[in-house]
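Open the model in your viewer and keep the selection tool at hand. The stops below go from the interior outward to the rest of the chain.

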Amino acid sequence: MKFQCSACGLRINSRHFKQAGLMNPQLTSICDICIQSGEESADFANMAVAIFAQGLLYTFIGKNETTKDDEEAAFLVTKKDQRKRYEAFIQDYDGNELAQQQLKRTEFNQAIIDSETGKNDFLPKLELTFAENLEKMGLSVDFKLNEVDYIDRERIRAKYHYRCQYCGRRGRSVDHKDPVSLSHNNNLDNLILSCQECNRIKSNMPYELFVKLNSQIPQVNQKLVKYENALATLKGEFEQKRRELAAKMHLKGVVNDPELNQMRKQNKKLQDAIDSLDSDYNELRSLREQHFMTGWKLAQEKEKDDII
Ligand SMILES: [Zn+2]
Ligand SMILES: [Zn+2]
């Protein structure tokens with residue numbers, strides 16, 4: 001699903017409008033790129049997003065009323081053909097796992113902002129490849145270095161039963177035991193499956209240390225798996241209820257209705273239960289990450305002593 005950002009005018013995937021909220025997920029009237037550039041969602045209206053949020057129990061962050069000013073306000077990217085070029089480029093990034101692994105979304109967003117504001121005098125071109133556009137935007141992604149073709153990735157995932165080999169949770173990141181930057185080793189036996197979280201933590205420290213620290217906390221990892229399973233079940237149930245609500249809403253053709261409100265109330269309770277479990281889960285995740293970071297810092301300190 002795509003929404004149009006009320007600030008820049010780009011029509012992009014709804015993921016750009018969704019933010020994790022304290023209780024419910026939030027939908028914003030403007031895209032994450034515009035938010036990063038310093039625009040405030042509270043200053044913009046966005047009827048499409050607001051209706052979607054209301055129907056599906058997301059919190060909407062934006063103006064609720066559209067004024068004449070809003071209607072006459074120009075988008076930051078004024079020309080439609082320019083918007084098309086950014087939209088295609090952003091879609092390329094959203095769909096490219098390799099690019100996302102190597103290039104942080106905030107970095108990518110910043111390059112878009114620099115281009116939109118003229119700081120970088122280049123606009124993505126439709127006739128260029130994604131890689132070429134990235135390069136011209138001043139971004140670098142190495143598509144060859146880390147290249148493991150799709151079949152191999154799927155083979156690795158199947159081999160490890162889609163489970164992170166470090167914590168046991170669901171994992172899809174095929175990565176290198178030895179960092180590519182050190183070994184350039186793309187052999188299948190140097191590839192392992194991990195979850196995004198372990199991958200991120202591991203990338204910041206020596207592999208051997210990561211494995212050692214991880215072996216100290218088997219119970220914590222087991223608990224994480226339990227949390228993940230429980231949350232997946234609850235969220236699945238919630239998604240189903242959400243779909244039922246959307247279908248009913250569509251059928252009735254109204255947003256406000258006693259039966260619909262009753263359904264929303266029940267969904268809200270379920271969402272609260274999920275949020276509470278989620279928060280416990282996140283606390284444990286953050287404790288676990290601290291365990292790794294502390295272990296790493298201590299190891300670095302020890303190394304300093306060794307030198308003296
Ligand atoms: Zn925007
Ligand atoms: Zn993991």
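Begin with the largest nonpolar core of this predicted model. The core holds 25 residues, and those touching the most other members are Cys5, Cys8, Leu10, Ile30, Cys31 and Cys34. Next, colour the elements that give two or more residues to this core: helix 1 (32-36), helix 2, helix 4 (80-94) and helix 6 (105-116). The largest share comes from helix 4, with four residues. Now colour by domain, with domain 1 as 2-72 and domain 2 as 80-136. Why does the core lie between them? Both domains give residues to the core, so it lies between the two. As general background, nonpolar side chains in soluble globular proteins tend to be buried together.

Stay in the core and select Cys5. Leaving aside residues up to four places away in sequence, Cys5 touches Leu10, Ile12, Ile30, Cys31 and Cys34. A second core, separate from the one just visited, has twelve residues, including Cys167, Ile192, Ile201 and Leu224.

**The three-stranded sheet**

Select strands 3, 4 and 5. They form an open sheet in the order 3-4-5, and the pairing is mixed. Strand 3 (18-19) and strand 5 (59-61) are the edges, each pairing on one side only. Strand 4 covers residues 26-28 and runs parallel to strand 5, to which three bridges join it. To find one of these contacts, pick Gln26: what is its bridge partner in strand 5? The partner is Thr59.

With the sheet still shown, add helix 2, residues 47-55. This helix lies across strand 4 and strand 5, and its direction makes an angle of about 160° with strand 5. Helix 2 is also one of the elements that give two or more residues to the largest core.

**The annotated region**

Move to residues 217-290, which an unreviewed UniProt entry lists as "coiled-coil region". In the model this span is 92% helix and 0% strand. Select the C-alpha atoms at its two ends: they lie 12 Å apart.

**The whole chain**

Finally, zoom out. The protein chain has 13 helices and seven strands, and its C-alpha trace spans about 70 × 50 × 45 Å along the principal axes. Of its 308 residues, 22% count as buried. Among contacts between residues at least 6 apart in sequence, 61% join residues at least 24 apart.

Notes:
Residues are numbered from 1 along each chain as its sequence is written. Chains are lettered from A and ligands numbered from 1 in the order in which they are written. This is a predicted model: local features need pLDDT of at least 70, side-chain atom pairs count only at pLDDT 80 or more; totals for chains, interfaces and linings use all residues. UniProt positions are given in the numbering used here, feature names are shortened, and annotations may be inferred rather than shown by experiment. A residue is buried if 20 or more other C-beta atoms lie within 10 Å of its own, exposed if 12 or fewer, and partly exposed in between; C-beta atoms are placed from the backbone. Two residues are in contact if their C-beta atoms, placed from the backbone, lie within 7 Å. Two strands pair if DSSP finds at least two bridges between them. Axes are lines fitted to C-alpha atoms, for helices over the stretch in contact, and angles run from 0 to 180 degrees between N-to-C directions. A nonpolar core is a set of buried Ala, Val, Leu, Ile, Met, Phe, Trp, Tyr and Cys residues joined through C-beta atoms within 7 Å. Domain bounds come from an automatic or database domain assignment.
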